[in-house]
Amino acid sequence: MAGVAPIQMDTFKLGFIGAGKMAESIAKGVVHSGIMPASRICTAPRSSGRCDVFESFGVKIFQSNRQVVEDSDVVVFSVKPQVVEGVVLELRPQLTKKKLLVSVAAGVKLKDLQEWAGHTRFIRVMPNTPAAVGKAATVMSLGKSATEEDGELIANLFGAIGKIWKADEKYFDAVTGLSGSGPAYIFLAIEALADGGVAAGLPRELAQNLASQTVLGAAEMSISTGKHPGQLKDNVASPGGTTIAGIHELEKGGFRGILINAVVAAAKRSEDLSAN
């Protein structure tokens with residue numbers, strides 16, 4: 001897009017406004033994957049403990065967010081949604097169009113972010129908590145002035161902590177309901193599977209390990225084979241066997257409908273919250 005200075009992929013500097021767990025996960029992923037050295041990353045933690053965390057893998061520490069913005073070409077706002085407006089407005093004089101701005105604040109829309117920043121070179125990104133182990137499911141939406149090259153740069157950065165897709169922002173409430181809240185649904189399922197194992201006679205630790213690994217393996221099969229989940233399910237369920245007996249119980253309990261309703265309810269709640 002005319003008038004937008006391109007970010008130099010091999011030399012750009014990355015700054016985090018907010019030094020919490022998500023910023024830590026992104027920074028560590030970027031460094032450990034070799035995308036960029038820690039010496040080109042900076043932040044301004046509010047506590048000595050967070051300073052120690054970022055310094056432990058080489059990130060540059062500043063005293064203020066203003067210094068972070070001045071030193072960075074790409075600025076990631078990783079603060080809580082309720083404070084992001086004040087933070088962006090405070091830094092607005094330093095947020096020139098030469099800088100690519102990114103927000104990971106849940107529920108905060110691009111139109112508001114762009115208004116507060118004073119320009120539209122903004123990208124909204126929604127990772128989820130498995131970013132902490134490099135397995136995030138992330139979706140991004142580009143602001144009006146963000147270029148395709150900007151999008152590729154951010155996809156490269158967030159690809160270091162999992163997988164990322166680009167989508168229209170209108171889908172973000174549904175994304176929240178599925179991948180944003182989804183890890184909690186899966187944790188609940190793992191807990192229930194482990195409890196079932198214990199009820200069937202397994203030691204608790206073995207049941208927990210088997211449940212977790214089973215979910216991990218099934219997810220990997222779904223991704224790597226590209227087969228429909230229904231087909232993969234059918235491949236396990238032999239006629240008159242143990243698996244179809246278990247599936248019958250899940251169907252009687254409305255298992256699929258409950259999961260669908262959970263996603264829709266969380267998406268609706270996200271829509272309500274973002275409207276306020």
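# Exercises on a predicted model

Serine 179 touches Asn128 and Ala137, once residues up to four places away in sequence are set aside. Keep in mind as you work that this is a predicted model.

**Exercise 1. Work out where serine 179 sits and whether it counts as buried or exposed.**

Step 1: find the element. Serine 179 has its place in helix H7, which spans residues 172-180.

Step 2: check the accessibility. The relative accessible area of serine 179 is 16%. The cut-off for buried is under 20%, so serine 179 is buried.

Step 3: see what H7 lies on. This helix lies across S6 and S7, and it runs at about 175 degrees to S7.

**Exercise 2. Describe how H7 and H12 pack, and say which residues meet.**

Step 1: start with the geometry. Two packed helices are described by the angle between their axes and the distance between the axes. For H7 and helix H12 (residues 255-275), the angle is about 135 degrees and the axes are 7 Å apart.

Step 2: name the arrangement. Angles over 145 degrees count as roughly antiparallel, and 65 to 115 as roughly perpendicular; H7 and H12 are therefore oblique to each other. Their crossing is right-handed.

Step 3: list the residues. H7 brings Asp173, Ala174, Thr176, Gly177 and Leu178, while H12 brings Val263, Ala266, Ala267, Ser270, Glu271 and Ser274.

**Exercise 3. Lay out the sheet and say which strands stand at its edges.**

Step 1: write down the order. The sheet is open, has 8 strands with mixed pairing, and reads S3-S2-S1-S4-S5-S6-S7-S8.

Step 2: pick out the edges. Strand S3 (60-61) and strand S8 (162-166) each have a single partner strand, so one side of each is left without a neighbour in the sheet.

Step 3: look at two of the pairings. S1 and strand S2 (residues 41-43) run parallel and are joined by 3 bridges, with glycine 15 partnered by cysteine 42 in S2. S4 pairs with strand S5 (residues 100-103) in the parallel sense, over 4 bridges; here phenylalanine 77 has serine 103 in S5 as its bridge partner.

Step 4: check what covers S1. Both of its faces are covered: Leu14 and Phe16 are buried on one side, and Gly15 and Ile17 are buried on the other. Helix H6 (residues 148-158) lies across several strands, including S1 (14-17), and runs at about 165 degrees to S7.

**Exercise 4. Place serine 78 and find what its side chain reaches.**

Step 1: locate the residue. Serine 78 is in the loop between strand S4 (74-77) and helix H4 (84-91).

Step 2: judge its burial. With 14% relative accessibility, serine 78 counts as buried.

Step 3: follow the side chain. It reaches the backbone oxygen of glycine 18 at 2.9 Å.

Step 4: collect the contacts. Neighbours within four places in sequence aside, serine 78 is in contact with Phe16, Ile17, Gly18, Ala23 and Val104.

**Exercise 5. Decide whether isoleucine 244 is buried or partly exposed, and list its contacts.**

Step 1: find its helix. Isoleucine 244 is in helix H11 (residues 242-252).

Step 2: read the accessibility. The relative accessibility of isoleucine 244 is 37%, so this residue counts as partly exposed.

Step 3: look for contacts. Without its neighbours within four places in sequence, isoleucine 244 is in contact with Ala237 and Ser238.

Step 4: add a distance. Isoleucine 244 and aspartate 234 are 10 residues apart in sequence, and their C-alpha atoms are 8.8 Å apart in space.

Key. Residues numbered from 1 in each chain as written. Predicted model: local features only at pLDDT ≥ 70, side-chain atom pairs only at ≥ 80, totals over all residues. Heavy atoms only, no water. Helix = DSSP H or I, 4+ residues; strand = E, 2+ residues; numbered from the N terminus. Buried < 20%, exposed > 50% of the residue type's maximum accessible area, 1.4 Å probe, protein only. Polar contact = N/O pair within 3.5 Å; in protein donor to acceptor, adjacent residues only side chain to side chain. Contact = heavy atoms within 4.5 Å. Pairing = 2+ DSSP bridges. Axes fitted to C-alpha atoms, helices over the stretch in contact; angles between N-to-C directions. Parallel < 35°, antiparallel > 145°, perpendicular 65-115°, else oblique. Left-handed = near helix turned anticlockwise from the far one by under 90°.
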